[in-house]
Amino acid sequence: MIFSKNNFFKVFLYLYTFLFIFNPSNFSSFNLIYLLSFFSILYFIFNRKVFFKYFKNKKVFSLLFICVYLCVYMLALYMSGSEDALYESYVILIVIMAILCGLVIVDIFRKIYGFNFLKFIEFIIRVGLIQFFFVALSVFYPEFREWVLNTSRQEDLESISNSEFNGLRSFGLSLGYTSTLPMFMGVCSLLSFYFFIVKENIKSKLFYFFVTFSFLISVVLNARIGLVPISICLITLPFFFVFNLRKKAKTLVFLILSVLVSFSLSFSTLLTSDYLTRFMAGLDEIDSLLGGKATGTFEALLDMWFFPDSKTDFIFGQGLKVFGSNSKGSDIGLVRGIYMYGFLNVLIVTAVLLYSSTPLLKTFKKYFGYIFLFSFVLSFFAFYFKGLVFSSNEVMNLFFILLVFCIFYNKTLSRDVI
């Protein structure tokens, strides 16, 4: 039988994971997370032993508990007159649904492949390659891109994507083209760099070189924020080279690859002059920042760095949405979090995330080493300047499934082989 039951579950796993991570808004008038979470509830109803196994875990429980706590807190602010707090409670409810979906993905993967961390990372990379297929489709078939823009539930997506100032962007099939999608692809490029280094087979090395290049193309076509993971690696590499003499050979390979990728990016036929100009402008902004002057994006971020005047509002929040505000708005996650539920709750959420992330950090350190761990963690802090932590988007959905996998992976005796 060509299409076996096992193959069916594999196809379903990839489809479910792709829809969960990217949540494209082109196929229905409602958020796909409703449908995906409904399936996850049915899944756990028919797998009650698995349900109790996962939900009695302290780290998973703490994640769900902080979500419920913030929902109740937002509803209390709403009852006191903060209208924006009601929508924020809905956003946090979506996070609960996302965690449920992440648990289902991990359990289906476990049943098919076992608790193998490196296979799970390769699985994530292949899901990213599915997205690259849609990015390429958007580039070579403008009709497909127009269909994506026209059928999106985001009303202003077409004007944002065809901006005269920023040039064409929003390539692929996703939800957050200008921030979360490129950041996800940037993290995937970092992961594929790792496999390029450790794989010994020349075909595998060439494959992961192509994969890394593809992810970076996807990043540049949408938003420069996704270059942060690779950029952090390039900045920290000289220190890695000096203090890890035994690993000089691998470091040299990594440096050579970085130069080749940068060279390819600059002269790729996929990058028109507009994209190359935008990319070079980003480098100029970084150079100016290092020289002590904020320009462009960094100047805009400085204008977004503001907090409530009242100490009470700063500590406990106002239930106020400042993202997208016409008069004085901010994209920065910390600012948005403080205005919404206060600095005290920002600290509580951070503490819970750090507690729950211990297995993830431990596993990344074990397999990827300090340089990749540092780049991965710092990339999430950089992302915090472009969005809220407690929301369901491409980056946080990736974080949730990696987190859940590592929590239960560390309870097994699985042994990974590259």
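Me: Which residues of α1 and α18 meet each other?
Reply: In this predicted model, F20, I21 and F22 are the residues of α1 that meet α18, and on the α18 side the partners are E394, N397 and I401.

Me: What classes of residue make up that contact of α1 with α18?
Reply: Sorted by class, the contact of α1 with α18 has 4 nonpolar residues, together with 1 polar and 1 charged.

Me: At what angle do the two helix axes cross?
Reply: The axes of α1, which spans residues 5-22, and α18, which spans residues 394-409, cross at roughly 130 degrees and come within 7 Å. With that angle, α1 and α18 are therefore classed as oblique to each other.

Me: E394 caught my eye; which side chain makes a polar contact with the side chain of E394?
Reply: That is S174, whose side chain makes a polar contact with the side chain of E394 at 2.4 Å. S174 sits in the loop that runs between β2 (167-168) and α9.

Me: Is S174 buried or exposed?
Reply: S174 is buried, because its relative accessible area is 2%, and buried means under 20%. Setting aside neighbours within four places in sequence, S174 is in contact with F22, P24, S25, Q131, L181 and E394; F22 is also one of the α1 residues that meet α18.

Me: Switching to α9 itself, what does the side chain of S192 make a polar contact with?
Reply: S192, which is placed in helix α9 (residues 180-198), makes a side-chain polar contact with the side chain of T212 at 2.7 Å. S192 has a relative accessible area of 0% and therefore counts as buried. Leaving out neighbours within four places in sequence, the contacts of S192 are I125, Y208, V211, T212 and F215.

Me: And F120, where is that found, and what does it touch?
Reply: F120 is found in helix α6, residues 117-140, and it is buried because its relative accessibility is 0%. Not counting residues up to four places away in sequence, F120 touches V106, F109, I401, L402 and F405.

Me: How many residues apart in sequence are F120 and L402?
Reply: F120 and L402 are 282 residues apart in sequence, while their C-alpha atoms are 8.6 Å apart in space.

Me: Last topic: how many residues has the largest nonpolar core?
Reply: The largest nonpolar core has 119 residues, and F117 and F368 are those with the most contacts inside it. Helix α5 (residues 84-113) gives the most to this core, with 17 residues. Another core, of 6 residues, lies apart from it, and includes F306, V322, I332 and Y339.

Technical notes:
Residues numbered from 1 in each chain as written. Predicted model: local features only at pLDDT ≥ 70, side-chain atom pairs only at ≥ 80, totals over all residues. Heavy atoms only, no water. Axes fitted to C-alpha atoms, helices over the stretch in contact; angles between N-to-C directions. Helix = DSSP H or I, 4+ residues; strand = E, 2+ residues; numbered from the N terminus. Parallel < 35°, antiparallel > 145°, perpendicular 65-115°, else oblique. Contact = heavy atoms within 4.5 Å. Nonpolar A, V, L, I, M, F, W, Y, C, P; charged D, E, K, R; others polar. Buried < 20%, exposed > 50% of the residue type's maximum accessible area, 1.4 Å probe, protein only. Polar contact = N/O pair within 3.5 Å; in protein donor to acceptor, adjacent residues only side chain to side chain. Core = buried A, V, L, I, M, F, W, Y, C linked by side-chain atoms within 4.5 Å.
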